[in-house]
Each structure stands twice: as C-alpha cells, then as structure tokens.
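Got your viewer open? Load the model, find the selection box, and let's take a walk through it together.

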Amino acid sequence: MLKKMPTHCGDETCASCVVAGDFIFLAHHAGGFEKQDIKHQMRAAFESVKRTLASVGAAPGDMAQIHLYLKDLGDFDGAREVFYEYFGEGQFPARMTSQTNFLDDACLCMIDGVAYKPAMKGE
C-alpha cells in the first residue's frame with residue numbers, strides 16, 4: 001500500500017514523500033532562498049527533509065540514498081560540509097550529485113532521496 005503525504009512546496013501534484021512499505025521516497029526539498037549562501041540553503045533543505053521524514057516516523061539517519069542537485073558544481077565542497085551536521089561519522093547515505101537549473105532562480109541546491117524505515121510490529 002502506498003501512503004502519499006501532502007505537498008511541502010505548495011504544488012498539489014507533488015507529494016512531500018511517498019511511503020511504500022518500508023521505503024520512503026522523498027520529493028525535492030530546498031529552502032533558504034532569502035540568502036545566496038550554499039551552506040544556508042543546504043541546512044534549509046535538510047531541515048525540510050527532517051520535517052518530512054518526521055511526519056512519517058523517520059529521521060535523516062534512515063536515509064539510504066540522497067541525490068544532491070547543485071546549480072553550481074563550485075558549491076560542492078560547501079554543500080558537502082553540511083552533511084556532517086546531519087549524519088554521524090560512517091552514517092552517510094549513498095549520494096549522487098548533479099548540476100542543474102532550477103525553476104526558482106534563487107535556488108542553489110535541492111535534495112531528494114530514499115529512506116528505509118522498517119515498520120514496527122503492530123503498526
């Protein structure tokens with residue numbers, strides 16, 4: 001059974017995440033556009049991911065895979081540093097990084113991915 005969570009971005013055609021069994025598929029998460037700073041926007045994106053995961057009983061530590069989208073690959077080192085704030089040593093998810101343009105020109109980065117959270121017995 002699929003559980004589709006309400007949008008996080010104001011677009012009803014985009015669920016914030018979809019839970020399929022023990023897997024949680026996250027849509028794009030971004031934020032912090034008021035500041036053109038990659039670390040600020042990465043933190044905002046991760047905080048958005050945290051809120052979405054919490055809404056289905058999961059946390060960033062449950063992330064199995066992350067796709068990081070950057071407007072400028074020159075921001076990679078700064079973006080990468082923020083991962084240490086959200087994951088413990090040796091707890092990093094698999095990651096793919098791509099360069100792209102965004103619909104909102106102020107956006108420097110975006111995250112999507114897959115989390116794994118086995119259902120608790122009795123749920």
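What follows is a series of stops, each with something to select and a word on what is there. One thing to keep in mind along the way: this is a predicted model.

**Stop 1: the core**

Start on the inside. Select Ile24, Met42, Phe46, Leu53, Met63, Leu68 and Ile111: these have the most contacts inside the largest nonpolar core, which has 26 residues. Now colour the pieces of chain that feed this core. Strands E2 (17-20), E3 (23-29), E4 (63-70) and E6 (109-116) each give at least two residues, and so do helices H1 (38-54) and H2 (76-86). Which element supplies the largest share of this core? That would be H1, with 6 residues.

Next, centre the view on Leu68 and show its surroundings. Leaving aside residues up to four places away in sequence, Leu68 touches Met42, Ala79, Phe83, Arg95, Met96, Thr97, Ser98, Cys109, Met110 and Ile111. Remember Phe83 and Arg95 from that list; they come back at a later stop.

**Stop 2: the strands**

Switch to a cartoon view and select E2 and E3. These two run antiparallel and are joined by 4 bridges. They make a hairpin with 2 residues between them, and Gly21 in the turn has a positive phi of about 65°. Click on Ala20 and look across: its bridge partner in E3 is Phe23.

Now keep E3 and add E6. This pair is antiparallel too, with 5 bridges joining the strands. For a landmark, pick His29, whose bridge partner in E6 is Ile111. You've met Ile111 already, as one of the residues with the most contacts inside the core.

**Stop 3: the aromatic rings**

Show the side chains of the aromatic residues. How many aromatic pairs does the structure hold? There are 8. Zoom in on Phe23 and Tyr116, which form a tilted pair, 5.1 Å centre to centre with 55° between the planes. This pair links distant parts of the chain: Phe23 belongs to strand E3 and Tyr116 to strand E6, 93 residues apart. Are these two buried, exposed or partly exposed? Phe23 has 38% relative accessibility, so it counts as partly exposed. Tyr116, at 37%, counts as partly exposed as well.

For another arrangement, move to Phe83 and Phe87. Their ring centres are 6.1 Å apart and their planes sit at 25°, so this pair is stacked. Both Phe83 and Phe87 are buried. Widen the selection to Phe46, Phe83, Tyr84, Tyr86, Phe87 and Phe92, and you have one aromatic cluster on screen. Then add Arg95, which lies over the face of Phe83, at 5.1 Å from the ring centre.

**Stop 4: the salt bridges**

Time for the charged side chains. The whole structure has 4 salt bridges, and we'll visit some of them.

- Select Lys39 and Glu81. Their closest N and O atoms are 2.6 Å apart, in a salt bridge. Lys39 is in helix H1 and Glu81 in helix H2, 42 residues apart, so to speak a link between distant parts of the chain. Lys39 counts as partly exposed at 28% relative accessibility, and Glu81 counts as partly exposed at 41%.
- Select Glu85 and Arg43. Here the closest N and O atoms of the salt bridge are 2.9 Å apart. Glu85 is in helix H2 and Arg43 in helix H1, again with their positions 42 residues apart in the chain. Glu85 is partly exposed, with a relative accessible area of 45%, and Arg43 is partly exposed with 32%.
- Select Glu47 and Lys50. Their side chains meet in a salt bridge of 3.8 Å, N to O. Glu47 and Lys50 are 3 residues apart in helix H1, which means about one helical turn separates them. Glu47 has 29% relative accessibility and counts as partly exposed; Lys50 is partly exposed too, with a relative accessible area of 35%.

**Stop 5: a serine in the helix**

Stay on helix H1 for the last stop and select Ser48. Is Ser48 buried or exposed? With a relative accessible area of 7%, Ser48 is buried, since the cut-off for buried is under 20%. Show what surrounds Ser48: not counting residues up to four places away in sequence, it touches His8, His29 and Ala30. His29 should look familiar, as the bridge partner of Ile111 from the strand stop.

Note on methods
Residues numbered from 1 in each chain as written. Predicted model: local features only at pLDDT ≥ 70, side-chain atom pairs only at ≥ 80, totals over all residues. Heavy atoms only, no water. Core = buried A, V, L, I, M, F, W, Y, C linked by side-chain atoms within 4.5 Å. Buried < 20%, exposed > 50% of the residue type's maximum accessible area, 1.4 Å probe, protein only. Contact = heavy atoms within 4.5 Å. Phe/Tyr/Trp six-rings, centres within 6.5 Å; stacked < 30°, edge-to-face > 60°. Lys NZ or Arg CZ within 6 Å of the ring centre and 35° of its normal. Pairing = 2+ DSSP bridges.
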